[in-house]
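Please look over the sequence and the model below before reading on. The paragraphs that follow lead through the structure step by step.

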Amino acid sequence: MLNKIWQFFKRLFQRLFGTPTPPTPPPNTAIRPTLTDAEYESKFMEILEGVNAGWSRGDVAGFLIAKRLKDGELAAWLRRFGQRLLEGEHDGTAAADAVASLQELAQRLVLLGRIGSGELSEVARQIGREILTRFPLPEVEEEDVKGRVIEAVFVGDGLGFSGEVNRRDTEAAE
């Protein structure tokens with residue numbers, strides 16, 4: 001209580017004699033903790049899901065603002081993440097499922113890159129293209145697929161398969 005009285009008299013003298021009061025420092029709301037790699041990955045995967053669902057540049061920017069993410073910080077994380085993905089290659093061989101997953105991720109990265117929402121989209125495009133060139137999908141040859149032809153004939157006013165009898169021709173014959 002004595003401290004409050006002292007502060008009151010101090011402010012009163014400062015007002016009377018014109019000495020400016022030192023400005024109170026703003027609260028430390030501007031400082032936010034750095035996110036972990038897992039948190040960055042989670043947020044980035046949300047962006048990729050949104051882009052895959054049809055988000056525009058404004059949608060991505062709105063998401064970044066809503067989640068208090070900076071384009072540059074997320075782009076720096078994506079560079080590290082992409083480096084780990086690309087270094088995960090062992091002698092140029094990877095399981096077919098892993099390659100398919102990488103291909104899907106790469107296609108979404110390239111899609112984000114096409115939106116052109118800043119540094120993040122540039123980094124995403126570069127990493128996506130690099131993955132697509134390093135990890136091509138293996139070509140699978142299926143037996144008896146080559147040379148198979150489905151025969152189709154135009155019958156009446158519709159399309160029928162060979163051997164199929166047109167209903168109208170059947171009804172007319174009756």
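Which side chain does E122 meet in a salt bridge? The side chain of E122 meets that of R125, with 3.4 Å from N to O, where a salt bridge is a side-chain nitrogen of Lys or Arg within 4 Å of a carboxyl oxygen of Asp or Glu. Both residues lie in helix α6, 3 residues apart, which is about one turn of the helix.

Some ground rules help with everything that comes next. The model is predicted, so that local features need pLDDT of at least 70 and side-chain atom pairs count only at pLDDT 80 or more, while totals for chains, interfaces and linings use all residues. Residues are numbered from 1 along each chain as its sequence is written, and side-chain values use heavy atoms, with hydrogens and water left out.

Consider the protein chain as a whole. It has 7 helices and 2 strands, which are DSSP runs numbered from the N terminus (helices are H or I with at least four residues, strands are E with at least two). Read from the N terminus on, the elements follow the order α-α-α-α-α-α-β-β-α. Of the 174 residues in the chain, 23% are buried; here buried means under 20% relative accessible area, exposed means over 50%, and partly exposed lies in between, with a 1.4 Å probe and protein chains only. The chain exposes about 13300 Å², and carbon and sulfur atoms supply 55% of this area, as found by the Shrake-Rupley method with a 1.4 Å probe, where for residues only the protein chains shown count as cover. Among the contacts (heavy atoms within 4.5 Å) between residues at least 6 apart in sequence, 64% join residues at least 24 apart.

At the start of the chain, M1, L2, I5, F8, F9, L12, L16 and F17 make a nonpolar surface patch of about 940 Å². Patches are made of residues with over 30% relative accessible area and no salt bridge, and like charges are joined within 9 Å, nonpolar side chains (Val, Leu, Ile, Met, Phe, Trp, Tyr) within 5 Å. One of the patch residues, F9, is found in helix α1, residues 2–17, and F9 is partly exposed, with a relative accessible area of 39%.

Helix α3, which spans residues 57–66, shows how a helix can have two sides. V60, F63 and L64 are buried in this helix. They cover an arc of only 100° around the axis, and therefore they sit on the same side of α3; the arc is that of the directions from the helix axis to the C-beta atoms. The buried residues of α3 pack against α2, α4 and α5, the last of these being residues 96–115, whereas the face turned away from the buried side carries the exposed residues I65 and A66. Just after α3, R68 takes a positive phi of about 55°.

Aromatic rings give another view of how parts of the chain meet. A pair of aromatic rings is described by the distance of the centres and the angle of the planes. The structure holds 4 aromatic pairs, and rings of Phe, Tyr and Trp (its six-membered ring) pair if their centres lie within 6.5 Å, with planes under 30 degrees apart counted as stacked, over 60 as edge-to-face and the rest as tilted. Y40 and W77 form a stacked pair, 6.2 Å centre to centre with 25° between the planes. This pair links distant parts of the chain, since Y40 is in helix α2 (residues 37–52) and W77 is in helix α4 (residues 71–87), 37 residues apart. Both Y40 and W77 are buried, and ring pairs link Y40, F44, W77 and F81 into a cluster.

Finally, return to charged side chains. Side chains of opposite charge can pair when their charged atoms come close. The whole structure holds 7 salt bridges. In one of them, R108 and E49 meet at 2.6 Å, N to O, and this pair links distant parts of the chain, with R108 in helix α5 and E49 in helix α2, 59 residues apart. R108 is buried, with a relative accessible area of 15%, whereas E49 is partly exposed, with 46%. The side chains of R79 and E119 also meet in a salt bridge, at 2.8 Å from N to O, which joins helix α4 to helix α6 (residues 119–134) across 40 residues. D37, R80 and R84 are linked in a network of salt bridges.
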